[in-house]
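Reader: Hi! I'm new to reading protein structures, could you walk me through one?
Author: Happy to, let's open it up and look together.

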Amino acid sequence: MYEQEQIKPYGTEGTKREQVEQMFDNIAHSYDTLNHTLSFGVDRLWRNNAIGFLLKNRKSTDSVLDIATGTGDFAILAFQKLHPQHIVGIDISEGMMQIGREKVAKLGLSDRITFQNEDCAALSYPDSSFDAVISAFALRNFQNLDECLKEMHRVMKEDGHLSVVDLCTPVSFPMKQFFFIYKKVVMPILGKLLSKDKTAYSYLPETMDAVPQAERMQSIIEQAGFHNVNFRRLAFGMCILYTAEK
């Protein structure tokens, strides 16, 4: 068990999965505003980097699975850039996905981007269902990281690609020192003010410290069955892009 798997938003009662679902349902109404505010809008660029890997390494991508899709921003970006036949966004939070469905409906894409309530550790899709699997800012929230990665590998086609972007802890001066203050003071205060959930944005920085990062996460992804696993630090080390092939 990895350290972040033991960290729960609301204490000891209930599983991590149950508490994470409750947390994201609670903050769904303010999640987009918070995400963009807390990252100074750079989260959009990080997602673009993840899609850029697929554009560079694939001739075509007809089917995409977006793990922990949240409010659907990554799924929408993937559709706009990759032009697949179909994208499925999965999440355990109905509150978050409902906002995603509303966004997609406004864009007239409800027949191309769909949302389903799925547990990443036990996906309902057959083997080799998707050309690409993507995910943004979700690894630290999984109750069972190994099982989730194995399931991503299972549902991916033989020539498929994985592209995952996640927050991390900077390791170099001065960003390391700046980010320590930011996540311990600024993030919880802004999160509490904007989301009305005083716990959520204390939980998120805590899991950022605990989740395996860089070479260690690279090794974990390899153990799930992927090959050509690489990582690249973005934004002075605040974010890491993990890429892999099946």
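Reader: Let's start with V185. Where is it placed?
Author: You'll find V185 in helix α7. Keep in mind as we go that this is a predicted model.

Reader: Okay! And is V185 buried, exposed or partly exposed?
Author: V185 counts as partly exposed, because its relative accessibility is 41%, and partly exposed covers the range between 20% and 50%.

Reader: Which residues form a nonpolar patch with V185?
Author: The patch on the surface is formed by F180, I181, V185, V186 and I189. Together they have about 440 Å² of accessible area.

Reader: Cool. Now what about T199, where does that sit?
Author: T199 is in the loop that runs between α7 (175–195) and α8 (200–210). With a relative accessibility of 24%, T199 counts as partly exposed.

Reader: Which residues does T199 touch, leaving out those up to four places away in sequence?
Author: With those left out, T199 touches P9 and Y10.

Reader: And what separates T199 from A210 in space?
Author: Their C-alpha atoms are separated by 17 Å, while T199 and A210 are eleven residues apart along the chain.

Reader: Let's go inside. Which residues touch the most other members of the largest nonpolar core?
Author: That would be W46 and I113, in a core of 47 residues. Helix α4 (residues 73–82) gives the largest share of this core, with seven residues.

Reader: What does I113 touch, again not counting residues up to four places away?
Author: I113 touches A75, I76, F79, H86, I87 and V104 on that count.

Reader: What lies apart from that core?
Author: Another core does, one of 33 residues, and among them are Y125, F142, M217 and Y242.

Reader: Switching topic: how many disulfides does the structure hold?
Author: Zero.

Reader: Hm, why is C120 not bonded to C148?
Author: The C148 sulfur is the closest cysteine sulfur to that of C120, but at 3.6 Å it is too far for a bond. A disulfide needs the two sulfur atoms to be within 2.5 Å.

Reader: And what's the story with C168?
Author: C168 is in no disulfide either, and its nearest cysteine sulfur, in C239, is 6.4 Å away.

Reader: Are these two, C120 and C168, buried or exposed?
Author: C120 counts as buried because its relative accessibility is 5%. C168 counts as buried too, at 1%.

Key
Residues numbered from 1 in each chain as written. Predicted model: local features only at pLDDT ≥ 70, side-chain atom pairs only at ≥ 80, totals over all residues. Heavy atoms only, no water. Buried < 20%, exposed > 50% of the residue type's maximum accessible area, 1.4 Å probe, protein only. Core = buried A, V, L, I, M, F, W, Y, C linked by side-chain atoms within 4.5 Å. Helix = DSSP H or I, 4+ residues; strand = E, 2+ residues; numbered from the N terminus. Contact = heavy atoms within 4.5 Å. Patch = residues over 30% accessible without salt bridge, like charges linked within 9 Å, V, L, I, M, F, W, Y side chains within 5 Å. Areas by Shrake-Rupley, 256 points an atom, 1.4 Å probe, with all protein chains shown as cover. Salt bridge = Lys/Arg side-chain N within 4 Å of Asp/Glu carboxyl O.
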